[in-house]
Amino acid sequence: MTIPAFIDASTAEMPSTTSTNTSKMSSIDASAAEMPSTSTTSLADLPRDLLYEILHATLGDDLTEWSTQVESTDRASLRLTCRAMACLIDGSVTAYVDAVCQFNKWGSDECKADAAVRKFARAAPLRSLELEGLSEEGLQRLLLTFAEATAERKASELVANGGLARLKLSMGAFTAAPIFGYTLTDVDLGGCALLNDEAIGALCDASPRLAKFKLTANQCVHAPVIRGDFMREVNLSLCAELCDSAVAALCLACPQLVELQLWRCPQLANPSITGQELRIVNLSDCPELCDDAISRMSECPSLRVLTAANCPLLTEPRIRCPQLELLDMAGCERLADKAVSGLCAASPKLRRLYLPRCTALMRPVIAGGELEAINLSGCADLSDSAVDAMCRGSPALLRLCLAICTSLVHPEIAGLRIADLVLSGCSSLGDAAVARMCKNCPRLRKLNLSHCSVLSEPQITSVSLRRLLLAHCAQLRHPVIRAPALTDASLTSCPLLVDESLAGVCRGCPSLHKLSLAWCTSLRAPRITHRQLTSLSLQGCQVADDAFTSCLHRECPALRKMKI
């Protein structure tokens, strides 16, 4: 419906004062008075659609959501205008939110439930309800009012008009099943620690259209019956007593399941996770999880993302998922080379591989035509030859993290597409290896060599490098840096860095904007000359005298920020 011209005129003429409530109500009354009809027309006589148009044009707020976290004095004042206005505002609400668990303005959860109950009694049924910290009594009042409000509505009418579709009752202290009809499609019960198996089963039975279900931080559920032909996402993370058989039954009873989150379920050891549509599985921090549970997921032909980080019993899982794109097994300390090699060979579409802190890895065969990101940080025994073969076998590699791989000495790191390279904490890495990797990575943009304690005079030459981190390199004396695109360089806490090296850095990096030399305690009279430099840190250095500062500002005319 097109907004009449008189509404635009009334809103344009609204006075710009601090008393917004009075001015907005006056403009609404003026709009009604200027209608091309009799002088006795009141707001109560206007059609509902026209009232909504006037409210939207004058108030400018979305009337469909009522949130107790957002203070709206305009809404409260307009509700007092007349009965028709109050009914319109309340009847337009389709989403009600009160997610302040403590110190909320409604006071106790009983008052919170009463406020939500009032919304159920209005003309337009709620489609989204979000309450936090609801008690048993509050839930019962909500359920009773909901039943009364929908008793006279036909099933077809409820589905056609939407009905309550999204329900979030996080941190609730109730034990009964929150059954709000079969129009529910999304239920979030995160932190509802008192719900048991029977309550979850009753909820699923009463909500056949359920597509998304979340129950986390619960110690009462052991073998809940979760089923649904439309179920696509299930999150049961932090359910301390969840058993293997419940997970197996869930997978069989939800044929459309796409995502399954079982993070930190300590009782899971060998769950049978299968599904033709399953794409995302998270089993991280399940300390009893065994190899067979992971190997069985080869029966998930659509699996794209598998996360099984910090599962200490995993050693040689046989993963054969041809559609797998991301694998995260960080912190699996016993994971063997054979398992990783077989995984890569059987996953031609693998793009991201995260294996940090897998300390048993030494010579894994990692290769893949679509691999873009690899993280092997903390693999202290990783060999140079394994890194060489990995780079040769991964032509699409963009990001490579080998931080704290202390056994690397002369790795041949090369890649036409590598843009981000992290080698911080590689305490055995030598100068020659750094020179070769810069030459063999022509698109390198970020290089992190911090805490590489052996580096002394590395030659860093790159036409594409933008950021360089050489901080905390205990032996660094005279780095040779030639990087015309470099804008940010950090040489913080390099105690042996000499004055002469900085003149070469300034000449070799004409685009440099930010340079950090903090706590380079050997610097005495460095020659820093750079026309583009805007930020310089010399904190902790013995160079802060008036003559040096004056010379610095003269030699660096763009300098705007300096720490001494």
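**A cavity, an aromatic pair and some loop residues**

The structure holds 1 cavity of 30 Å³ or more. This is a predicted model, and the cavity in it comes to about 50 Å³ in volume. Around the cavity sit Pro317, Ile319, Leu327, Met329, Leu335, Ala339, Val340, Leu343 and Leu355. Sorted by class, that lining is made up of 9 nonpolar residues, with no polar and no charged ones.

Helix H12, which covers residues 337–346, is the biggest contributor to this lining, supplying 3 residues. The buried residues of H12 are Ala339, Val340, Ser341, Gly342, Leu343 and Cys344. As for what these buried residues pack against, the partners are two strands, E11 (326–328) and E12 (352–354).

Stepping back to the whole chain, there are 16 helices and 23 strands. The chain runs to 564 residues, and 50% of them count as buried. Its accessible surface adds up to about 24800 Å², with carbon and sulfur atoms making up 52% of that. Looking at contacts with a separation of 6 or more, 48% are between residues 24 or more positions apart.

Aromatic rings come next. The count here is 1 aromatic pair. It is formed by phenylalanine 146 and phenylalanine 180, whose ring centres lie 5.4 Å apart with 65° between the planes, an edge-to-face arrangement. The pair ties together distant parts of the chain, its two members being 34 residues apart. Phenylalanine 146 belongs to helix H7 (residues 136–150), while phenylalanine 180 comes from the loop between strands E4 (166–168) and E5 (186–188). Phenylalanine 146 counts as buried because its relative accessible area, 12%, falls under the 20% cut-off. Phenylalanine 180 is buried too, at 0% relative accessibility.

The loop between strand E10 (305–307) and E11 is home to leucine 313. Its relative accessible area of 35% makes leucine 313 partly exposed. Leaving aside residues up to four places away in sequence, leucine 313 touches Pro287, Glu288, Leu289, Asp291 and Arg334. Cysteine 290 is 23 residues from leucine 313 in sequence, yet the C-alpha atoms of the two are 5.8 Å apart in space.

Asparagine 310 is found in that E10–E11 loop as well. Its phi is near 60°, which is a positive value in a residue other than glycine. Asparagine 310 is partly exposed, at 29% relative accessible area.

Another positive phi turns up at arginine 357, about 65°, and again the residue is not a glycine. Arginine 357 lies in the loop between E12 and E13. With 42% relative accessibility, arginine 357 is classed as partly exposed.

Glutamate 372 also has its place between E12 and E13, the latter strand being residues 373–375. Glutamate 372 counts as buried because its relative accessibility is 18%, under the 20% limit. Beyond residues up to four places away in sequence, glutamate 372 touches Arg351, Ala396, Leu397, Leu398 and Arg399.

Key:
Residues numbered from 1 in each chain as written. Predicted model: local features only at pLDDT ≥ 70, side-chain atom pairs only at ≥ 80, totals over all residues. Heavy atoms only, no water. Helix = DSSP H or I, 4+ residues; strand = E, 2+ residues; numbered from the N terminus. Buried < 20%, exposed > 50% of the residue type's maximum accessible area, 1.4 Å probe, protein only. Contact = heavy atoms within 4.5 Å. Areas by Shrake-Rupley, 256 points an atom, 1.4 Å probe, with all protein chains shown as cover. Phe/Tyr/Trp six-rings, centres within 6.5 Å; stacked < 30°, edge-to-face > 60°. 1 Å grid on protein atoms, 1.4 Å probe; cavity = no way out; pocket = protein on both sides within 12 Å on 5 of 7 lines; lining within 4 Å. Points joined across faces, edges and corners; volume = space filled by probe spheres on them. Nonpolar A, V, L, I, M, F, W, Y, C, P; charged D, E, K, R; others polar.
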